Amino acid sequence: VDLYVGSDDQVKVKREVARVKKKGGIIGDSSVTYHVTMELENFKQRPVTVSLKDQQPLPGNAEIKVAMEDAAPKPSETREYGTLVWKVELAPSEKKKVSYDLVIEYPKGRELTGLE
């Protein structure tokens, strides 16, 4: 049974997203790639297991495709509706990174809104 009792100020999570590439399609589709990095740090004097969850954007149009690439480490679980879950073991005072690229493809001549 998972029981959520609030945030723990001795386990820090920092999430950063950076657009790394945009490709305009002359003949084919266009795409934009974002690099997502999440840094976890354990300030406790004992090891902890963190269940890290992240949400991929959900396209509101069937012509838009969202894909995850180059995940390090790979998610422990991919749930319905784009929820990604990692189980991360952190030793005392340990820091770890989780990262992946998010590639969004869309039809040429269209613009994406709501991402930035």
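This report describes the fold, two buried residues, a pocket and some backbone features of a predicted protein model.

## Overall architecture

The chain contains seven strands and zero helices. Read from the N terminus, its elements follow the order β-β-β-β-β-β-β. Of the 116 residues in the chain, 30% are buried.

Contacts between residues at least 6 apart in sequence show how the chain is connected: 71% of them join residues at least 24 apart. The surface exposed by the chain amounts to about 8,100 Å², and carbon and sulfur atoms supply 50% of this area.

## Two buried residues in strand β2

Strand β2 covers residues 30–42, and Asn42 belongs to it. Asn42 counts as buried because its relative accessibility is 0%, where the cut-off for a buried residue is under 20%. A polar atom of the Asn42 side chain lies 2.9 Å from the backbone nitrogen of Lys44. When neighbours within four places in sequence are left aside, Asn42 is in contact with Gln10 and Val11, with Pro47 and Val48, and with Leu90, Ala91, Pro92, Ser93 and Glu94.

Met38 is also found in strand β2. With a relative accessible area of 2%, Met38 is buried. Residues up to four places away in sequence are again not counted, and Met38 then touches Lys14, Arg15, Leu52, Asp54, Trp86, Lys96, Lys97, Val98 and Tyr100. One of these residues, Asp54, is 16 residues from Met38 along the chain, and the C-alpha atoms of the two are separated by 9.4 Å.

## The second largest pocket

The second largest pocket holds about 150 Å³ of space. Its lining consists of Lys21, Lys23, Asp29, Ser30, Ser31, Thr33, Glu69, Asp70, Asp101, Val103 and Glu105. The elements that contribute two or more residues to this lining are β1 (11–23), β2, β4 (65–72) and β7 (95–106).

By residue type, the lining of this pocket divides into seven charged, three polar and one nonpolar. Among the charged residues are Lys21 and Asp101, while Val103 is nonpolar.

## Backbone features in the loops

Most residues other than glycine have a negative phi, and most peptide bonds are trans. Against this background, three places in the loops of the model deserve attention. The peptide bond from Ala72 to Pro73 is cis, with omega near -5°. Pro73 is located in the loop between β4 and β5 (77–78).

Tyr81 is not a glycine, yet it has a positive phi of about 65°. This residue is found in the loop between β5 and β6 (83–90). Tyr81 counts as exposed because its relative accessibility is 59%, the cut-off for this class being over 50%. Ser93, a residue other than glycine, also has a positive phi, near 65°. Ser93 is placed in the loop between β6 and β7. At 54% relative accessibility, Ser93 counts as exposed, although it is among the residues in contact with the buried Asn42.

How values were computed:
Residues are numbered from 1 along each chain as its sequence is written. This is a predicted model: local features need pLDDT of at least 70, side-chain atom pairs count only at pLDDT 80 or more; totals for chains, interfaces and linings use all residues. Side-chain values use heavy atoms; hydrogens and water are left out. Helices (H or I, at least four residues) and strands (E, at least two) are DSSP runs, numbered from the N terminus. Buried means under 20% relative accessible area, exposed over 50%, partly exposed in between (1.4 Å probe, protein chains only). A polar contact is a pair of N or O atoms within 3.5 Å; within protein, one must be able to donate a hydrogen and the other to accept it, and residues adjacent in sequence count only if both atoms are side-chain atoms. Contact means heavy atoms within 4.5 Å. On a 1 Å grid over the protein atoms alone, a cavity is a set of points where a 1.4 Å probe fits but cannot get out, and a pocket is an open set with protein on both sides within 12 Å along at least five of seven lines; lining residues have an atom within 4 Å of a point. Grid points are joined across faces, edges and corners, and a volume is the space filled by probe spheres set on the points. Accessible areas come from the Shrake-Rupley method with a 1.4 Å probe; for residues, only the protein chains shown count as cover.
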